[in-house]
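Me: Please take a close look at the pockets of this model, and describe what lines them. I would also like a careful account of one arginine side chain and its contacts.

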Amino acid sequence: MKDKTLPIAAFAEPFSASAFATGRGAAQLAVEAQKARKFGKMFVAAILESVARVLPQAPSLAHAIDTWPGDLASAGVIFRLNAGLHALARSGKHPGLAAIYSRAQPAQAPEPSLLDRTLSMALHDCEADLLEWMSGPTQTNEVARVAGLAAVLMELDARAPMPTHLLELGSSAGLNLNLRHYSLRLGTHGTGDPASAVSIAPRWIGPSPKGERIDLASAKGVDLNPLDVRRDADSERLHAYIWPGEQVRSERLRAAIAIARVHPPQVERGRAGEWLVRELAAQPPQGERRVIFHSMVTQFLPESDRRMIDWAMAEAGRAASPAAPLVRVGLEWNPGRTAVEVTVTQWNGLPESGHPVVFAECHPYAEWFSWIGPEGREVAAQLQNGVAA
């Protein structure tokens, strides 16, 4: 057991640059801090920069990050650590950390020396808690991203009205599967339940999506480690992945969890590729559309799973027709990680079948959409294998 009596005086002065952590973990912390700054999330950027300075206070944690198998970004390791610190603050287990997080404003950074001292003690005292937290997968299932899916479904239905069977990959707690129970405002058009406590109205740039309805016949998903929001611990895990101070996102999540407790989403446990192969093996229903959706998921999938998904879609696409179309909707970073794109691939037996098209660019957490629509730009097929965040 580690000695937990390290004196506060040991952290009386800010750490010098020579004390900074080095290695893979420090490098990835710097990358993620820079991305947070780019999106105006100064509080989170300051947290990650401070962790890079004081990580040596938790040598086991530092070692775990530096020796993590595979790519740190693909595994979302820094996302896990950031959420673990938020969970620790929310629990009140470390009062100093809780005090800083309770005053969090997304665009404001805490005072660096205070942050360094507090995080030093938190990492030292709660290293075991953070290691346990990081053993679980990331949970970045932001419900606002469903706006991109809803807009695509509206466009598709405007051109060929038919019921949709939705299959989601990487569903987490399945909150996106409840989109029919949310109020969505997409440009000048609304859909869903106008009385819903979950209101999703991103800033919309460009034309509003055509169509005014979503005819959702069924919705189910798959996740390697699905969460059940009927369990308080699972709900709390989702809240920890909301960045500190993001009140709108936090309230939206709280409302979505309340809806999911009344309308439990159907999420199966399993590997995305194997599950999709089984789901698409059945003869496509005539007069109905099958839509496969994933948002910020593909980076967390092993290459074997990504290839299996591509194969399953291509195979099922051969049997697709105008009366039984198959559609893939992905909200993911493009391969160069320069933009998050809503990419749509349709299989319907027509000449354009199987060609991915970018319908929109958007904010990673769906704060805004720059909408193009079906007339958007065609992209190379390898975009389907793009890296997510």
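Reply: What follows treats the two pockets in turn and then the arginine.

The model is predicted, and its largest pocket has a volume of about 560 Å³. Of the 25 residues that line this pocket, Pro137, Leu224, Val297, Phe300 and Leu301 are the closest to its centre, while the elements that give two or more residues to the lining are α4 (72–75) and β6 (216–223). Sorted by class, the lining of the largest pocket consists of ten nonpolar, eleven polar and four charged residues.

The second largest pocket holds about 350 Å³ of space, and 18 residues line it, with Leu156, Gln346, Asn348, Leu350 and Glu352 lying nearest its centre. Two or more lining residues come from each of α9 (146–159), β10 (340–347) and β11 (357–362), and the largest share, three residues, is that of α9. In the second largest pocket the lining comprises ten nonpolar, three polar and five charged residues.

As for the arginine, Arg306 belongs to helix α13, which spans residues 303–318. Its relative accessibility is 18%, and because buried means under 20%, Arg306 counts as buried. The side chain of Arg306 makes a polar contact of 2.6 Å with the side chain of Glu303, and a polar atom of the Arg306 side chain also lies 3.3 Å from the backbone oxygen of Thr298. Taken together, Arg306 is a buried residue whose side chain has polar partners in the side chain of Glu303 and the backbone oxygen of Thr298.

How values were computed: Residues numbered from 1 in each chain as written. Predicted model: local features only at pLDDT ≥ 70, side-chain atom pairs only at ≥ 80, totals over all residues. Heavy atoms only, no water. 1 Å grid on protein atoms, 1.4 Å probe; cavity = no way out; pocket = protein on both sides within 12 Å on 5 of 7 lines; lining within 4 Å. Points joined across faces, edges and corners; volume = space filled by probe spheres on them. Helix = DSSP H or I, 4+ residues; strand = E, 2+ residues; numbered from the N terminus. Nonpolar A, V, L, I, M, F, W, Y, C, P; charged D, E, K, R; others polar. Buried < 20%, exposed > 50% of the residue type's maximum accessible area, 1.4 Å probe, protein only. Polar contact = N/O pair within 3.5 Å; in protein donor to acceptor, adjacent residues only side chain to side chain.
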